[in-house]
Amino acid sequence: MPSTLRKIATAAAVLAVGSFAAGCGGGANGADSEQDLNLQPIAAQGPDPFTESTAESTATPTPAVPPGAGSGTPAPSLRSVRTVTGSTPGLYGGTQSVASCDVEKQIRFLGGDRTKTRAFADAAGIDPGSIPSFLRGLTPVVLRVDTRVTNHGFRDGSATSFQSVLQAGTAVLVDDHGAPRVRCACGNPLRPPSAHQGGWKDKGTPWPGYRGDRVIVVRPTTVVINTLIIVNVTNNTWIERKSGDDGRHDKRRPDIHIDPAKPPVPEPPSPPASPSTSLSPNTSPSPSPDCPTPTPTVTVTETPSSPPPSAPPSSPSPPSPQSPPASSPSGCPSATKTVTATPDTPAPSSSPPSPLVPPDTGAPSDLPSLPSDMPSGPESDPFGPSPESENV
């Protein structure tokens with residue numbers, strides 16, 4: 001009995017430790033769990049900023065959201081990913097001839113701390129020595145749509161990572177593939193958002209007009225972008241800005257007739273491949289719907305009875321079963337089935353049965369069998385000489 005009590009006590013202790021560990025583990029990490037999504041307004045630095053703000057934009061653009069979009073956040077299960085290509089006109093905005101971020105100030109902030117420089121380079125996926133050239137190659141713009149990204153903070157000498165939504169109007173630096181790479185309000189490196197199959201738990205205070213189902217994800221282009229077509233947020237006109245330029249060489253684009261007030265069009269989702277629509281190498285395509293129903297070939301072992309009453313008096317020669325009718329389209333299947341029928345009794349008929357009559361060819365239909373060893377030559381003709389041979 002004491003041994004049994006010890007076993008029960010040990011099992012209870014193990015369960016208690018497991019329950020405590022689950023409660024202190026920060027929540028479930030499965031596919032159906034909720035993940036924190038940090039909501040970051042335009043000017044808020046957010047948790048663990050890398051540097052002080054380098055944002056220079058003074059104009060706040062009108063968020064490019066579809067008409068009739070209300071406020072509030074839908075349930076996490078109702079959210080869907082809306083992807084927009086980084087080269088889409090109107091995805092970003094700015095002020096003509098004005099940079100939204102001070103790139104040189106950002107370089108100075110990072111250059112004064114080697115530990116922070118290494119952490120920034122690690123989060124951005126670049127070499128620490130290439131940070132100045134990397135930042136100068138980015139284009140300062142502002143977001144026109146609430147955008148989800150992977151954000152990075154700086155804590156305890158290393159980079160942290162968290163998912164966040166940046167409010168439309170946030171000043172960012174984008175690369176030559178159209179992807180946001182730095183948030184200017186905090187100097188944080190940005191990367192594409194991580195995939196998550198479960199729900200999202202908003203962390204922070206939503207801004208007016210925020211809707212979780214209106215958030216977009218920027219898909220970088222596969223080719224290098226030389227210019228960005230952005231919206232001038234001060235007067236809703238179009239601007240062409242070169243990649244890596246601070247706005248000094250901006251060009252007006254009055255030839256673009258797209259309404260700048262409309263949001264960028266998301267990419268349509270790719271439909272999943274259906275097994276029924278994909279053909280394997282050994283699979284034949286379905287026949288045309290215009291193909292007639294093939295008629296099987298019937299082989300009869302003895303003389304059949306008279307045809308049914310609906311058949312015509314004289315039976316025409318049936319078409320060859322190996323070839324389809326002339327009107328059949330190409331690619332139609334042909335019947336190759338052979339059915340052996342041995343009728344025992346004739347089918348009932350209202351008219352007297354009539355035997356099948358072969359076509360009249362002028363020759364007797366019941367020729368005698370010829371012996372196999374019969375001699376050949378004119379003298380051995382069993383039917384005698386023909387009248388023509390007698391006259392020769």
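Two strands count as paired if DSSP finds at least two bridges between them. In this predicted model, strand S9, made of residues 188-191, has partners to look at on the strand side of things. Strand S8, residues 180-183, pairs with S9 in the antiparallel sense over two bridges, and here Val 182 sits opposite Pro 189. The hairpin that S8 and S9 form has four residues between its strands, and Gly 187 in this hairpin takes a positive phi near 70°. Strand S5, residues 147-155, also pairs with S9, again antiparallel and over two bridges. In that pairing, Asn 151 faces Leu 190 of S9.

Now for a helix. Helix H2 covers residues 103-111, and its buried residues are Val 103, Gln 106, Ile 107 and Leu 110. Looking down the axis of H2, these buried residues fall within an arc of 100°, so they line one face of the helix. That fits a general pattern: an α-helix has 3.6 residues a turn, so residues three or four places apart point the same way. The buried residues of H2 pack against helix H3 (114-124), helix H4 (131-136) and strand S7 (171-174). Right at the start of H2, a side-chain oxygen of Asp 102 comes to within 3.3 Å of the backbone nitrogen of Glu 104.

Lastly, there is Lys 262, found in the loop between strand S14 (251-252) and strand S15 (297-300). Exposed means over 50% relative accessible area, and Lys 262 has 56% relative accessibility, so this residue counts as exposed. Although Lys 262 and Gly 90 are 172 residues apart in sequence, their C-alpha atoms are 8.4 Å apart in space.

Notes
Residues numbered from 1 in each chain as written. Predicted model: local features only at pLDDT ≥ 70, side-chain atom pairs only at ≥ 80, totals over all residues. Heavy atoms only, no water. Buried < 20%, exposed > 50% of the residue type's maximum accessible area, 1.4 Å probe, protein only. Arc of directions from axis to C-beta. Contact = heavy atoms within 4.5 Å. Polar contact = N/O pair within 3.5 Å; in protein donor to acceptor, adjacent residues only side chain to side chain.
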